[in-house]
Amino acid sequence: MTTKEKVLQITNQFDVNIIFAQRLLNMTEDRLELEEISKIIEDRPKPFVKWVGGKRQLLKQFRKMDLYPPHNFDSLNSTYFEPFVGGGAVFFDLLPKKAVLSDLNRELVVTYNVIKNNIEKLIVSLKKHKYDKDHYSKVRSKNLNKLSDLEIASRFIFLNRTCFNGMYRVNSKGQFNVPFGRYNNPTICDEENLRKVSSALQDVEIIVQDYKNVLKKAKKGDFIYFDPPYYPVSKTASFTSYTKESFLDTEQIELRDTFLALHKRGCFVMLSNSDTPFINKIYKEIKKDGVNINKVKAGRAINSNGAKRGKINEVLITNY
Ligand SMILES: C[S@@+](CC[C@H](N)C(=O)[O-])C[C@H]1O[C@@H](n2cnc3c(N)ncnc32)[C@H](O)[C@@H]1O
């Protein structure tokens, strides 16, 4: 059986994507050991934070539409970039051998790196937190500039697990301002998963930077997935405060131009956004260059107000 046939058998048998299937085969040194493979799949890490806009539910649909991942991406020799990584749902789905993850949210990136480099101390620190409103207020009000990276990561995971809806929102001064959430005994320290995440990150580079820096490193044949803050469906529905910077018309056009530059370089590029007239218009302008606008029917909740939580349609822009 050729390697390609073995990869296909794994994707069919276990319902996983081709990049992860390729990695699994590589991990078992090209032997098609189904029992061993099934065990690795069961033990795979999952995202360690809840993140608004998480892509987990949509990935199966992208795969069914044959849009993800790109067939010709050579995941053993080329690099996967995720410049708006957030909770990293796509990274954890692909688990590629070589990856560069980045985000403008410094606390999030510090947390990824502490999980990667200092996991045991982080677990000890997380176990000291308790689910309690006064403790929450005390931790939330801490001055980030006075905390070590370990303390930043511990605070970040604790707040994410116990705040309202697992949201991340900051005020104009960049201070986290999400209220305490009501849960029934939330898991603050999922140590088993955190250790798995730590090993999955060992060869991965995780950086705080603006998405445009991807242009400095990406080479022909690399795969870039952009999941930016979405263009608002309506003025009231806007949710753009992951960071204190806004991400509106000018920023969306700059992102479109970055997409085009990477396309011209010979990278595989995929981008998610809301199915709005503005987004359709700016990507239609580069259709002639070989860029496709695919409509995705499933929706996701973006409004924190339950009553207004509507499902929205999305576009998945690809150059392959
Ligand atoms: C839609 S979310 C990504 C969701 C992610 N795919 C997931 O599965 O959780 C957008 C992310 O972009 C980050 N971000 C916003 N502006 C940015 C910029 N200019 N450069 C890099 N990251 C940025 C935010 O901090 C946020 O984590």
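The questions and answers below walk through a predicted model.

Reader: Into which domains is the chain divided?
Author: Start at the beginning of the chain, where residues 1-44 make up domain 1. Residues 109-194 form domain 3. Two segments, 48-104 and 209-318, belong to domain 2. The division is thus domain 1, domain 2 and domain 3.

Reader: How many residues of domain 2 and of domain 3 are in contact?
Author: The side of domain 2 that touches domain 3 has five nonpolar, two polar and three charged residues. Across the contact, 15 residues come from domain 3. From domain 2 there are 10.

Reader: Which strands stand at the edges of the open sheet?
Author: Seven strands form the sheet, with mixed pairing, in the order E3-E2-E1-E4-E5-E7-E6. An edge strand here has a single partner, so one side of it is left without a neighbour in the sheet. That describes E3 (205-208) and E6 (292-296).

Reader: Do strands E4 and E5 run parallel or antiparallel, and what stands opposite Ile224?
Author: Strand E4 covers residues 223-226 and strand E5 covers 268-274. Four bridges join them, and they run parallel. Opposite Ile224, in E5, stands Val269.

Reader: At about what angle to E5 does helix H12 run?
Author: Helix H12 takes in residues 249-265. It lies across E4, E5 and E7. Its angle to E5 is about 160°.

Reader: Which strands does helix H13 touch?
Author: Helix H13 spans residues 277-284 and packs on the sheet. Its direction makes about 15° with that of E7. The strands touched are E5, E6 and E7.

Reader: Why does the span of helix H1 agree with what it should be?
Author: Helix H1 runs over residues 3-14, which is 12 residues. At 1.5 Å a residue, it should span 16 Å. The end C-alpha atoms agree with this, because they are apart by 16 Å.

Reader: Where is Asp30, and what is its phi?
Author: Most residues other than glycine have a negative phi. Asp30 lies in the loop between H2 (18-27) and H3 (34-42). Its phi is positive, near 70°.

Reader: Which peptide bond is cis?
Author: Most peptide bonds are trans. In the loop between H4 (59-64) and E1 (80-82) sits Pro69. With omega near -15°, the cis bond runs from Tyr68 to Pro69.

Reader: Which residues come nearest to the ligand?
Author: The shell around the ligand has 10 nonpolar, six polar and four charged residues. Of these 20 residues, the nearest are Gly53, Phe84, Gly86, Gly87 and Ala89.

Note on methods
Residues are numbered from 1 along each chain as its sequence is written. This is a predicted model: local features need pLDDT of at least 70, side-chain atom pairs count only at pLDDT 80 or more; totals for chains, interfaces and linings use all residues. Two strands pair if DSSP finds at least two bridges between them. Helices (H or I, at least four residues) and strands (E, at least two) are DSSP runs, numbered from the N terminus. Two residues are in contact if their C-beta atoms, placed from the backbone, lie within 7 Å. Axes are lines fitted to C-alpha atoms, for helices over the stretch in contact, and angles run from 0 to 180 degrees between N-to-C directions. A residue is near a molecule or strand if its C-beta atom, placed from the backbone, lies within 6 Å of it. Ala, Val, Leu, Ile, Met, Phe, Trp, Tyr, Cys and Pro count as nonpolar, Asp, Glu, Lys and Arg as charged, and the others, Gly among them, as polar. The expected span of a helix is 1.5 Å times one less than its number of residues. Domain bounds come from an automatic or database domain assignment.
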